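Okay, thanks for squeezing me in, everyone. I'd like to walk you through two spots in this structure, so let me get it up on the screen.

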Amino acid sequence: MKRWLERRMMGGLDCVQVLAVLQRYLDAEVDDLTARKVRAHLERCRRCGMEHSVYLEIKHSLSRRSPTVEPEALARLRAVATHVSEHGPQGDSLGG
Amino acid sequence: MEQADPARDERRRAAFAAYVVPELDVLMRVAISLTRHSQDAEDLVQDTLVRAYRALDRFDGAYPRAWLLTIMRNAEINRGRRRRPVLLEDPDTPDRLVQEQPSAGLGNPEELVTGDQFDEVVVACLDDLPPRYRRVVELVDIDGLSYAEAAGLLDIPVGTVMSRLHRARSRIRDRLTAAGLAPRRKA
């Protein structure tokens with residue numbers, strides 16, 4: 001009864017259900033309906049909201065580690081792509 | 001030797017421009033994660049481009065990124081035969097990712113404490129993770145791949161990507177709690 005009430009008050013999902021999908025929600029790997037229900041729960045439940053905040057901040061911190069692709073390297077690869085698409089994979093002439 | 005066929009060549013050019021060129025940036029990021037060396041990464045992407053062109057006639061146009069990542073995987077394994085085959089070192093044996101004990105922590109904050117120290121703990125913990133856990137975190141959280149794309153690249157089930165990712169993040173979270181930068185996990 002308690003979990004039923006909790007689900008009803010918290011967007012249709014209780015805390016156990018939210019924690020089970022929280023990581024996939026963070027990675028945008030749940031369907032739209034589930035995402036809406038999780039979002040509604042997180043807005044009302046402080047404890048689950050804190051769990052979400054911790055993992056979201058970890059994810060943001062990791063994303064700041066994204067390697068910088070040097071523009072020169074990208075330009076070289078675009079040139080290779082152009083060469084390959086126009087002349088075929090004449091591998092030996094691609095240089096390096 | 002293929003016979004000249006201007007219409008086929010034009011189709012290939014259009015397909016290459018539509019499916020391959022837009023993914024160059026992602027391919028380079030993933031290649032850096034795989035090789036940990038920018039010149040090796042560039043060579044790997046070049047190999048991938050050549051292989052993609054050769055396979056273009058057999059590609060149906062669905063999920064070009066996943067298709068390219070599979071090609072990159074094969075290229076990396078092939079290159080690995082000449083050195084250390086990184087992507088072949090991924091046995092699905094029981095993990096030994098021991099959970100840390102948050103009770104050893106410095107404090108028990110009620111709120112998150114973010115900032116430089118937070119990032120330093122996250123990076124230190126990432127570097128300490130066993131390679132197969134670290135690789136999944138790098139592909140999903142740093143390179144921005146979906147679970148399915150990471151699974152295809154590593155040739156492991158999507159469920160394995162999820163479990164490794166979740167365990168790795170949980171490990172990072174426990175390290176943050178131990179450092180007094182995140183609240184204790186809820187029961």
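So, the crossing of H5(A) and H3(B) is right-handed. Keep in mind this is a predicted model. H5 is residues 71-87 of chain A, and H3 is residues 38-55 of chain B. Their axes come within 10 Å and cross at roughly 20 degrees. An angle under 35 degrees counts as roughly parallel, so H5(A) runs roughly parallel to H3(B).

Who's doing the touching? On the H5(A) side you've got Ala73(A), Arg76(A), Leu77(A), Val80(A), Ala81(A), Val84(A) and Ser85(A). Facing them from H3(B) are Ser38(B), Glu42(B), Val45(B), Gln46(B), Leu49(B), Val50(B) and Tyr53(B). Sort the residues of that contact by class and you get nine nonpolar, three polar and two charged.

Okay, second spot, and here we stay inside chain B. The domain assignment splits chain B into domain 1, 6-87, and domain 2, 102-178. Between the two, eleven residues of domain 1 are in contact with eleven residues of domain 2.

Which elements of domain 1 give two or more residues to the side that touches domain 2? Those are helix H2, 24-35, and helix H4, 64-80, both of chain B. H4(B) gives the most, with six residues. And by class, that side of domain 1 has six nonpolar, two polar and three charged residues.

That's it from me, happy to rotate the view if anybody wants another look.

Technical notes
Residues numbered from 1 in each chain as written. Chains lettered and ligands numbered in written order. Predicted model: local features only at pLDDT ≥ 70, side-chain atom pairs only at ≥ 80, totals over all residues. Axes fitted to C-alpha atoms, helices over the stretch in contact; angles between N-to-C directions. Helix = DSSP H or I, 4+ residues; strand = E, 2+ residues; numbered from the N terminus. Parallel < 35°, antiparallel > 145°, perpendicular 65-115°, else oblique. Left-handed = near helix turned anticlockwise from the far one by under 90°. Contact = placed C-beta atoms within 7 Å. Nonpolar A, V, L, I, M, F, W, Y, C, P; charged D, E, K, R; others polar. Domains from an automatic or database assignment.
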